Amino acid sequence: MKKTQMAKKLKFKKQQNKKQSQKINKAGMAPGQFIFTGEQKTEKTLIQLMTYNNEQIVEESFNTIDKALTAIDQSQKTAWLNIIGLHEVEITKKIVEHFNFHKLSGEDILSVGQRPKLDDYEHYVHLVARMFHLEQNDLVDEQITILFKEGILITFQEREEDAFELIRTRMKEGKGLIRSKKTDYLAYALLDYMVDHYFIAIEHFGNSLEDIEVELLSEVSDDMLPLLHHKRREIAYLRRSVFPLREAISKFEKLEKPFMSTEIKVFIRDVYDHTIHVMEMVTVYKDSVGSLLELYMSIISNRMNKIMKVLTIVSTIFIPLTFVAGVYGMNFSNMPELTYKNGYFITLFGMAVLTLLMIFYFKRKKWL
Amino acid sequence: MKKTQMAKKLKFKKQQNKKQSQKINKAGMAPGQFIFTGEQKTEKTLIQLMTYNNEQIVEESFNTIDKALTAIDQSQKTAWLNIIGLHEVEITKKIVEHFNFHKLSGEDILSVGQRPKLDDYEHYVHLVARMFHLEQNDLVDEQITILFKEGILITFQEREEDAFELIRTRMKEGKGLIRSKKTDYLAYALLDYMVDHYFIAIEHFGNSLEDIEVELLSEVSDDMLPLLHHKRREIAYLRRSVFPLREAISKFEKLEKPFMSTEIKVFIRDVYDHTIHVMEMVTVYKDSVGSLLELYMSIISNRMNKIMKVLTIVSTIFIPLTFVAGVYGMNFSNMPELTYKNGYFITLFGMAVLTLLMIFYFKRKKWL
Amino acid sequence: MKKTQMAKKLKFKKQQNKKQSQKINKAGMAPGQFIFTGEQKTEKTLIQLMTYNNEQIVEESFNTIDKALTAIDQSQKTAWLNIIGLHEVEITKKIVEHFNFHKLSGEDILSVGQRPKLDDYEHYVHLVARMFHLEQNDLVDEQITILFKEGILITFQEREEDAFELIRTRMKEGKGLIRSKKTDYLAYALLDYMVDHYFIAIEHFGNSLEDIEVELLSEVSDDMLPLLHHKRREIAYLRRSVFPLREAISKFEKLEKPFMSTEIKVFIRDVYDHTIHVMEMVTVYKDSVGSLLELYMSIISNRMNKIMKVLTIVSTIFIPLTFVAGVYGMNFSNMPELTYKNGYFITLFGMAVLTLLMIFYFKRKKWL
Amino acid sequence: MKKTQMAKKLKFKKQQNKKQSQKINKAGMAPGQFIFTGEQKTEKTLIQLMTYNNEQIVEESFNTIDKALTAIDQSQKTAWLNIIGLHEVEITKKIVEHFNFHKLSGEDILSVGQRPKLDDYEHYVHLVARMFHLEQNDLVDEQITILFKEGILITFQEREEDAFELIRTRMKEGKGLIRSKKTDYLAYALLDYMVDHYFIAIEHFGNSLEDIEVELLSEVSDDMLPLLHHKRREIAYLRRSVFPLREAISKFEKLEKPFMSTEIKVFIRDVYDHTIHVMEMVTVYKDSVGSLLELYMSIISNRMNKIMKVLTIVSTIFIPLTFVAGVYGMNFSNMPELTYKNGYFITLFGMAVLTLLMIFYFKRKKWL
Amino acid sequence: MKKTQMAKKLKFKKQQNKKQSQKINKAGMAPGQFIFTGEQKTEKTLIQLMTYNNEQIVEESFNTIDKALTAIDQSQKTAWLNIIGLHEVEITKKIVEHFNFHKLSGEDILSVGQRPKLDDYEHYVHLVARMFHLEQNDLVDEQITILFKEGILITFQEREEDAFELIRTRMKEGKGLIRSKKTDYLAYALLDYMVDHYFIAIEHFGNSLEDIEVELLSEVSDDMLPLLHHKRREIAYLRRSVFPLREAISKFEKLEKPFMSTEIKVFIRDVYDHTIHVMEMVTVYKDSVGSLLELYMSIISNRMNKIMKVLTIVSTIFIPLTFVAGVYGMNFSNMPELTYKNGYFITLFGMAVLTLLMIFYFKRKKWL
Ligand SMILES: [Mg+2]
Ligand SMILES: [Mg+2]
Ligand SMILES: [Mg+2]
Ligand SMILES: [Mg+2]
Ligand SMILES: [Mg+2]
Ligand SMILES: [Mg+2]
Ligand SMILES: [Mg+2]
Ligand SMILES: [Mg+2]
Ligand SMILES: [Mg+2]
Ligand SMILES: [Mg+2]
Ligand SMILES: [Mg+2]
Ligand SMILES: [Mg+2]
Ligand SMILES: [Mg+2]
Ligand SMILES: [Mg+2]
Ligand SMILES: [Mg+2]
Ligand SMILES: [Mg+2]
Ligand SMILES: [Mg+2]
Ligand SMILES: [Mg+2]
Ligand SMILES: [Mg+2]
Ligand SMILES: [Mg+2]
Ligand SMILES: [Mg+2]
Ligand SMILES: [Mg+2]
Ligand SMILES: [Mg+2]
Ligand SMILES: [Mg+2]
Ligand SMILES: [Mg+2]
Ligand SMILES: [Mg+2]
Ligand SMILES: [Mg+2]
Ligand SMILES: [Mg+2]
Ligand SMILES: [Mg+2]
Ligand SMILES: [Mg+2]
Ligand SMILES: [Mg+2]
């Protein structure tokens, strides 16, 4: 099982590396190009539209982005357009052009492996965060981009599993404030949901760490060293995925826009609190990994100590005895002791006494 | 005894974990839901009301929150409503609605495991801190929420032991300024009392650390390593419970409210000083744990050194002697020394000389 | 191959040292002297001029700087003057005087080994950054100075390989915004291009680190220690080449100049984001090197542990057996066991039993 | 002698602990209570008054605080009231009430173990710092509180040795500016004097550290480890006694009071400089203790290395030789070599050659 | 040679200690006393005056300070008064009084071992920095104080070697801007010159570090440990001599004085850049020392590993063989093997096989 676990981790790690490395292909290109830097994770791009207000909510799926954009233009309600899968670059391009978004926004949507951030483009807001899922007890993450302005909010996801199913359900059931509020509140609700998932990711990490600790205290094995070093990298990855979010949320709170109400601030402050809490937990587990590594090395060191004690005790008792035996094994013609009637027994007795003395010595030294 | 101590610690640790993990159940829920995330620590919720002014003080208990709220509405005096036990969610909900508190406040009251903080909601103040008790020589802590506005202050506690008995006594005896002041002063007094209890917790931690140090210097044992690593986690928990309080108190000092007098500032500054002092002590003990861990490893290393010396001395003396004995134990037909009359005694004498030389060598090397 | 790799690294390191050490020759000189502190890296200084606007683009090369300056003066278009090779000091001097640049600017152009920075001289901007190239799988870097003002931008490079070929191609093909914008956008485009090359350098570093890790986990060798310590120095060099750039770009964004448009800000913010991303990756790899060093030491420690176990097992089994053999090798005249018919076989059997007991003991201790 | 030194240290440490622990008794009390938290260090409280101006200076002692207060009220000169010994709480209380000081000030005077600080109470200033004395080559410290306002400065000391004798002498001799200045300058002079004593304390610490280093490099002993760990705690105590002073002095410089002249600022800046210098020295010695601990561990490690070398050399030479001797000690009936005339001598010669080869091998390996 | 090097270092270190310790004698003294705290480093104080403007430059030496001051008063040109040697306290006193400098300035001039700083005394500026010289391949440093105001600049040096000879030559030759500028530019030029000398000091340190590294990688010796720990202290001393300069230069740039021109700012920014560069190099070498210490410990650890391997291989091969020999050396009367014709040769053959098996085992374990 541990083998499998390690294999998974390495897969996780390779994903991270890939994300960071794709940037390089773009050296020398003009900024604002529509190029997808990730790997395709869905077969077909899904285009989902939800239009809602306090009285009514409509959910639709579209085959082409053009139809979806027309539907948005014709609706009087608040619209949430959800795009899943980024490899069909044309879709992103059309959205960006339709809503007059900046082309740097467009580039960022398709550049997966972004740090969480919030960019303020006068007439709309561009927000990036990471969503963590547990997939068969394994952490996967994807980049979520949220663009919102007066009346319309657009989300871009990398992976097919719909990140926001629960939010959607809440909206359809009319629970909470979400239906009676505008896109600013929806953006907040999505962000809050993602931060809640950070808790799940960190919880998962913490549990695996606790398993390691329990195992460590019962029996040290060799493969724990690379495992712990891998854990260190994992928590560092989580750290980098969370810490920049703090600044993004702080910017969010300070935004002054016609499409943002003042009563949203208190909700943003709440999600900010949660983010700080997540950061604190990340720091706790980062320290824990360091602690476990130290503990591992200490246990190894302790064991060495015990092994050396055994060697020293055995050697220290038998080496002198063997010497005595060696002396009486010499072939000198004139060795009076050899002819004594009880020479042999006296020697054995002497050896026994010597042994007892040494055992007594070791007892006093607390080695036994 | 040590076994018991360890067991207790692990219990303490599990409590902490639980607090941090309950958050996750709320992923996808609308914000501001009244859901208690802790475990029930009292059988029945206690509802205590104290109304007071300079002339008079009345203390009452209620079965239902409705009666308590009516009593508050009818009283002309300053009111302190104290709720012990959070599992009956309806009580919190009614209080929040009665006083028109924000529903995010309500959620925070029931979300135990919050970081200490102060939130400023225009017409009232929401303050969170942690209270540490010593229970049978064991640290337990609970979340205390204080909400206060013009004329009314409400405290929410998790555990049955009344945290603020001494304050209550002081008020009934009319000692100090508390009776002639408003809710701002009462909030300060409660905060000051909690900070005083941080000293008790840290004192307790420091004492247990001193015991470990004394034991460490007299005899190193194996179970100290996990114990010290556990201590590191404990002080980190204390650290996280104290450090955010500084910012909360600093916000408290800067509040400008109609229900806050200017003369309260100097008192807040005093409790701020105490908090800084507590933080300093936490830092000292954090460093101490690190120091003890290093000391432990050094002592282990030192002992290894001594064990190796014994092994080396015994081996270095007897291995050559055993070789000599081996030589004269060979069965060559022509070995002239064997026939010498004093061959045996000369050999023994030579061995003795060799031994003395080696002892002299070790003395000079300061190994003996 | 590893030998070659190490040799390359040392070459890289020596280059760095040289850059830092040349400063000293200038102690006592007046500031603003035109002295080239690097080593000559091109045979002949190349003087390239590109004049462009939205309709037209002209690319020329000149033998003398005077002709180039005349051409610039006569052109109505935006001009980009590119100087490759700094050893002909007169060229720099003439440029500085022609455009009325500050003589401290002139000195800085020729002082290679500068930290990245942006200096604001009222009527023009002086920008320094480092360009990293991969040359036969080996990292080389050079200092790039960019001076720009109304209508003219000048770049100074150390090395012959043209750093900006791709940008030039883009301009000639009329791709992107660059042709329709002024020198501020060109400066941004060059900076963006250099930051993209930081990704290449870091990617390269990361790959070499991954190779080391793979090797480390399969087999530890002695030369890894100096290699890892060398890697630590390399990443520190990258760190120093990147981190100051952040402040320079931040200054760039805040500049208020007649020759800078407001719409450039959003592009600068984008390159700022990339720089932060680069810094994050540098930090990740810095931590990785530290981690690998720790891992290396832990593996060494683990191996020692195993070696000691083998020694202890062998010694602990055979030393007592050898003692028994020694006892029955003694030459006492009266040793009854020696005359027993099966004495030898009983002794061998006893030895076998002793051996099995010890093997059982080691099994229980998990040493085998 | 070392024993005595250690004993002293532990005494010092216990004092520190006591200071920190007394706070806890006050949990639940109203703020501003007059309770002395230290231990009585003088038999009788000394009440000393010095009234002075440019022309005249009068020094008096009083039995009761009432007489002293009357004398102050009647004097037209600047007054310095010096209280030594804090256990007679009534004295502090009367002073606080007489001059209308805040009761939190009163509490702080009697709470020894305060961090250095400066509190600004509108009509007066409350300043706390620590005074270090060398007492029989041993560091002791006490809390000094300075309260000053228009025309009157009051100092509170814990210990009988008069901290400020030299200042008093300077005043009586009319040296320096002190006589012609007001209480602000006197406060500065006292502070400057205390900072000068920090230098003495740090100097003392540094000397003891140098002694340890010299001893460490000549011979490592076991008791150095706890000693160095104790030193680490001592320097941390000094650090905590000095670092908060910086902020206090910085506040002092920024005070705007009718009883503070503008020309005092340059003097405060000077004492601020000295404090920074002290902090720098504390940091140096903190690093030194860390360095010595590392050096200690390295020396231990080095010694182990040498011990192992000796063991390995002796074993590696004699174990094979002993084997050879063992071979020819076997009792096979048919062992041709045993009957060779020079078999014994050839064997001895072979052993000698083997030994020389091994010695050569060790030489080449640089083990000898 | 290494011995001599170490001796030099210790001398250097003692100088540092002395500088820091002299402060203590002044405890209790009035501030602003003229007391020289260093050791006399010149026989006679040198008093040099240079008066200059754009047309003319005059250089003079004086026996008494009074004559020099008269000459300054009578000159219409900009004056640079250079004092070498501080032990004749009267000279400093007369200068301070003549120009109406603050007496705290006077005290600071004579208090060597100051941190670099810039103090702004309304009508003049007080600047302190350290000058590093290479004296016979050995670093020495001195405190340089620069006071400047309208028309006059005064430098105070500790050591006879004239620090500023090259500047003087430049001025006499009329090179650079210095002759046509005022005292602000001269102050800048001196500061720039001192910062250039920091590069020399750091270069020197870096070279010695490189020598150590080369030696370390070829052969580890015992005296490297104290040498590296000494290097750590040296770089910390350099660090403390450089880092505060940054703030001083930053203050310099912000000064607004009638005797400071606005065009000086760009020059100060340049020297500020150099200081940042120096700080960066100090940080690099600080990290390098730490790295070398770690490398040293790792190499020691690696060697131990190899020594243990040799011991284990030799023991593991010969201990079992010796046991076999011991068995056949037993004297049982009934040991059938002993009488076999080829018993001896079979045994030898068995031993050879056993040896080969073990060598094969070690090969597989990569120990050989
Ligand atoms: Mg990232
Ligand atoms: Mg990290
Ligand atoms: Mg990180
Ligand atoms: Mg990071
Ligand atoms: Mg934390
Ligand atoms: Mg920790
Ligand atoms: Mg928390
Ligand atoms: Mg922590
Ligand atoms: Mg924490
Ligand atoms: Mg502290
Ligand atoms: Mg501390
Ligand atoms: Mg410490
Ligand atoms: Mg450590
Ligand atoms: Mg640099
Ligand atoms: Mg570094
Ligand atoms: Mg660096
Ligand atoms: Mg990182
Ligand atoms: Mg690390
Ligand atoms: Mg303290
Ligand atoms: Mg500390
Ligand atoms: Mg400290
Ligand atoms: Mg230092
Ligand atoms: Mg320092
Ligand atoms: Mg250190
Ligand atoms: Mg200093
Ligand atoms: Mg330092
Ligand atoms: Mg320093
Ligand atoms: Mg650096
Ligand atoms: Mg650096
Ligand atoms: Mg480093
Ligand atoms: Mg370390």
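Biologist: What makes chain A and chain B a contact pair, and how many residues does each put in?
Modeller: The cut-off is heavy atoms within 4.5 Å. In this predicted model, 63 residues from chain A and 63 residues from chain B take part in the contact.

Biologist: How much area do chain A and chain B bury between them, and what share of it sits on carbon and sulfur atoms?
Modeller: About 5,500 Å² gets buried between the two chains, and carbon and sulfur atoms carry 62% of it.

Biologist: Why is the pairing of B:Arg240 with A:Glu280 called a salt bridge?
Modeller: Set the value against the rule. The closest N and O atoms of B:Arg240 and A:Glu280 are 3.9 Å apart. The rule asks for a Lys or Arg side-chain nitrogen within 4 Å of a carboxyl oxygen of Asp or Glu, so the pair B:Arg240 and A:Glu280 qualifies. Chemically, side chains of opposite charge can pair when their charged atoms come close.

Biologist: How many salt bridges and polar contacts link chain A and chain B?
Modeller: There are six salt bridges between chain A and chain B. The polar tally comes to 16 residue pairs, both partners at pLDDT 80 or more.

Biologist: Which helices of chain A supply at least two residues each to the side that touches chain B?
Modeller: Helix H5 (165-173), helix H6 (183-218), helix H8 (264-327) and helix H9 (336-339) of chain A. The largest share comes from H8(A), with 33 residues. Sorted by class, that side of chain A has 30 nonpolar, 17 polar and 16 charged residues.

Biologist: Now the other neighbour. What are the residue counts and the buried area for chain A with chain C?
Modeller: This contact takes 62 residues from chain A and 63 residues from chain C. The buried area is about 5,500 Å², with 62% from carbon and sulfur atoms.

Biologist: What makes A:Arg115 and C:Glu280 a salt bridge?
Modeller: Their closest N and O atoms are 3.0 Å apart. With the cut-off at 4 Å, this Arg and Glu pair therefore counts. The total between chain A and chain C is six salt bridges, and the interface also has 16 residue pairs in polar contact, both at pLDDT 80 or more.

Biologist: Which elements of chain A face chain C with at least two residues each?
Modeller: Helix H1 (2-21), helix H4 (103-110), strand S4 (117-121), helix H7 (224-254), H8, H9 and helix H10 (343-364). H8(A) gives the largest share here, 15 residues. The classes on this side of chain A are 30 nonpolar, 14 polar and 18 charged.

Biologist: How do you know whether chain A and chain D touch or stay apart?
Modeller: They do not touch, and their nearest C-alpha atoms are 9 Å apart. Likewise, no contact joins chain B and chain E, where the closest C-alpha atoms also lie 9 Å apart.

Biologist: Where does the UniProt record put transmembrane regions in chain A, and what is the chain doing there?
Modeller: The unreviewed UniProt entry annotates residues 310-330 and 342-362 of chain A as "transmembrane region". Residues 310-330 are 86% helix and 0% strand, with end C-alpha atoms 30 Å apart. Residues 342-362 come out at 95% helix and 0% strand, with their end C-alpha atoms 30 Å apart.

Biologist: Which domains does chain A have, and what separation do their centres show?
Modeller: The assignment gives domain 1 (29-298) and domain 2 (306-364). Their C-alpha centres lie 75 Å apart.

Biologist: Why does B:Glu88 with B:Lys44 count as a salt bridge?
Modeller: The N to O distance is 3.7 Å, and the limit is 4 Å, so this Glu and Lys pair passes. B:Glu88 sits in the loop between strand S3 (78-84) and helix H3 (89-98) of chain B, while B:Lys44 sits in the loop between helix H1 (2-21) and strand S1 (46-52), 44 residues apart.

Definitions and conventions
Residues numbered from 1 in each chain as written. Chains lettered and ligands numbered in written order. Predicted model: local features only at pLDDT ≥ 70, side-chain atom pairs only at ≥ 80, totals over all residues. Heavy atoms only, no water. Buried area = accessible area lost by both parts, 1.4 Å probe. Polar contact = N/O pair within 3.5 Å; in protein donor to acceptor, adjacent residues only side chain to side chain. Helix = DSSP H or I, 4+ residues; strand = E, 2+ residues; numbered from the N terminus. Nonpolar A, V, L, I, M, F, W, Y, C, P; charged D, E, K, R; others polar. UniProt positions renumbered as here; feature names shortened; annotations may be inferred. Domains from an automatic or database assignment.
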